[in-house]
Amino acid sequence: MKIRIVIPFVLCIVMTIGSAGAVWGNAIFGPSGYSTITGSKAGMLASLDEAAALLYEAAYTNNRQAGFLRLQQFNNIAKKAPATGAGTPAGWAAINESVAHIERALVNGEAGSGWLMASSRIKLSTDALVRPEHALWLQYESVLLHDWTRVQQSWKRTTEDGALAASAAMDSLNEHLNRIEVAASMQYGNSAVDEALIRAKYTGLLLDGITYAGANGERVDRSLEALRSKLVQLFDEGRETADMPVVAPTATTNPISWALFLGTIICAVLTYTGWRKYQRSPYGTKPLH
């Protein structure tokens with residue numbers, strides 16, 4: 001009778017261990033065995049994002065004393081964060097440039113407005129690291145396309161100040177594009193964002209040339225269309241990368257772990273049933289002669 005208890009009990013233990021191993025293995029290695037960022041590494045990125053938010057708050061409130069402290073805190077974490085494997089070399093290099101810009105501004109006694117842009121660039125980039133699927137910088141698509149529409153509408157004016165108005169509208173577009181540059185580079189490299197920046201700069205130069213020295217209007221038209229194409233491409237690539245987040249998700253289903261889990265339950269039931277029978281008849285039932 002004891003065999004009815006021992007065998008399912010041993011199987012229950014074995015399957016429990018196997019089920020736990022499958023769960024932990026899936027937490028460490030994502031689908032198809034890809035390594036994921038978990039535990040302390042994910043915590044480091046979260047801490048980096050929090051430090052970036054505090055740095056941005058110091059800039060927004062023009063608090064230089066807090067700015068020095070928050071920049072030091074952010075920089076201490078940022079030096080270790082690339083080791084997590086998150087982001088891109090171009091993104092981390094851009095963050096370092098923004099940190100250096102803020103440091104110079106603070107040392108020179110500049111107001112918060114002097115390092116607010118760099119702080120916002122950093123905040124958007126850390127957000128892209130921890131929330132790649134819903135990164136805040138992706139929401140700038142409608143903003144930039146609205147800026148582009150303003151530039152085109154100004155350019156199409158029949159009045160003589162059309163080029164001047166279009167050039168002024170380009171300033172807003174460039175400001176928004178510069179703000180998301182680090183985040184875009186951090187999420188998937190800097191090729192697409194560099195192309196958009198170069199095209200925006202070229203379009204601005206054409207408009208300035210018309211304002212002050214005259215230029216070919218058809219070149220402006222072609223450059224504006226090319227600029228819009230680059231902006232759309234920039235966010236299309238961002239969305240494609242968002243589908244493959246920096247921190248790979250744990251698989252939602254795992255047939256092996258489910259099979260082991262169900263097997264554990266069955267063995268536990270058999271063990272309990274065997275034990276109850278053993279309690280009622282510990283020496284078994286002897287046949288009658």
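**Stop 1: two faces of α6**

Begin by selecting Ser142 and Gln153, two exposed residues on the face of α6 that is turned away from the buried side of this helix. Keep in mind as you go that you are looking at a predicted model.

Now add the other side of the helix. Which residues of α6 are buried? Select Tyr140, Glu141, Leu144, Asp147, Trp148, Val151, Ser154 and Trp155. Look down the axis of α6: these buried residues fall within an arc of 160°, so they line one face of the helix. An α-helix has 3.6 residues a turn, so residues three or four places apart point the same way.

Before leaving, try a distance between the end C-alpha atoms of α6. They are 22 Å apart, in agreement with the 22 Å that 16 residues should span at 1.5 Å a residue.

**Stop 2: the whole chain**

Zoom out and colour by secondary structure. You will find ten helices and zero strands, so a cartoon view can be followed from the N terminus as α-α-α-α-α-α-α-α-α-α. Of the 289 residues, 38% are buried. Switch to a surface view and about 16,500 Å² is exposed, with 59% of that area supplied by carbon and sulfur atoms.

How far apart along the chain are the partners in contact? Taking contacts between residues at least 6 apart in sequence, 76% join residues at least 24 apart.

**Stop 3: colour by confidence**

Next, colour the model by pLDDT. The average is 78, and 66% of the residues score at least 70. Select residues 22–38, where the pLDDT is below 50; this stretch nevertheless has 24 contacts in the model beyond near neighbours in sequence. Then go to residues 285–289, where pLDDT also stays under 50. Here the model has zero contacts beyond four places in sequence. Where pLDDT is low, the predicted coordinates should not be read in detail.

**Stop 4: the nonpolar cores**

Select Trp137, Leu173, Leu177, Ile180 and Leu234. These are the residues with the most contacts inside the largest nonpolar core, which has 34 residues. Which elements give two or more residues to this core? Show α5 (116–130), α6 (140–155), α7 (162–188), α8 (191–212) and α9 (217–242). Among these, α7 gives the most, with ten residues.

There is also a second, separate core, made of 25 residues; Leu55, Ala58, Ala81 and Trp115 are included in it. As a general background to both, nonpolar side chains tend to be buried together in soluble globular proteins.

**Stop 5: α5, an enclosed helix**

Stay with α5 and display its side chains. Twelve of its 15 residues are buried, so the rest of the structure largely encloses this helix. Besides nonpolar residues such as Ile122 and Leu124, the buried set includes Arg121, Lys123 and Asp127. The end C-alpha atoms of α5 are 21 Å apart, which agrees with the 21 Å expected for 15 residues at 1.5 Å each.

**Stop 6: Ala105 and Trp115**

Select Ala105 in helix α4 (residues 89–107). Is Ala105 buried or exposed? At 2% relative accessibility, Ala105 counts as buried. Leaving aside neighbours within four places in sequence, show what touches Ala105: Glu110, Gly114 and Trp115. Trp115 is ten residues along the chain from Ala105, and their C-alpha atoms are separated by 6.3 Å. You have met Trp115 already, as a member of the second core.

**Stop 7: a turn of phi at Asn62**

Move to the loop between α2 (39–60) and α3 (64–78), and pick Asn62. Although not a glycine, Asn62 has a positive phi of about 55°. Most residues other than glycine have a negative phi. Asn62 counts as partly exposed, at 44% relative accessibility.

**Stop 8: from α7 to α8**

Finish with two residues, beginning with Ser167 in helix α7. Ser167 is buried, its relative accessible area being 13%. Which residues does Ser167 contact beyond its neighbours within four places in sequence? Select Leu207 and Asp208 to see them.

Then choose Lys201, which lies in helix α8. With a relative accessibility of 59%, Lys201 counts as exposed. For a last distance, go from Lys201 to Asn174, C-alpha to C-alpha: the two are 8.0 Å apart in space and 27 residues apart in sequence.

Technical notes: Residues numbered from 1 in each chain as written. Predicted model: local features only at pLDDT ≥ 70, side-chain atom pairs only at ≥ 80, totals over all residues. Heavy atoms only, no water. Helix = DSSP H or I, 4+ residues; strand = E, 2+ residues; numbered from the N terminus. Buried < 20%, exposed > 50% of the residue type's maximum accessible area, 1.4 Å probe, protein only. Contact = heavy atoms within 4.5 Å. Areas by Shrake-Rupley, 256 points an atom, 1.4 Å probe, with all protein chains shown as cover. Core = buried A, V, L, I, M, F, W, Y, C linked by side-chain atoms within 4.5 Å. Expected span 1.5 Å × (residues − 1). Arc of directions from axis to C-beta. pLDDT = per-residue confidence, 0-100.
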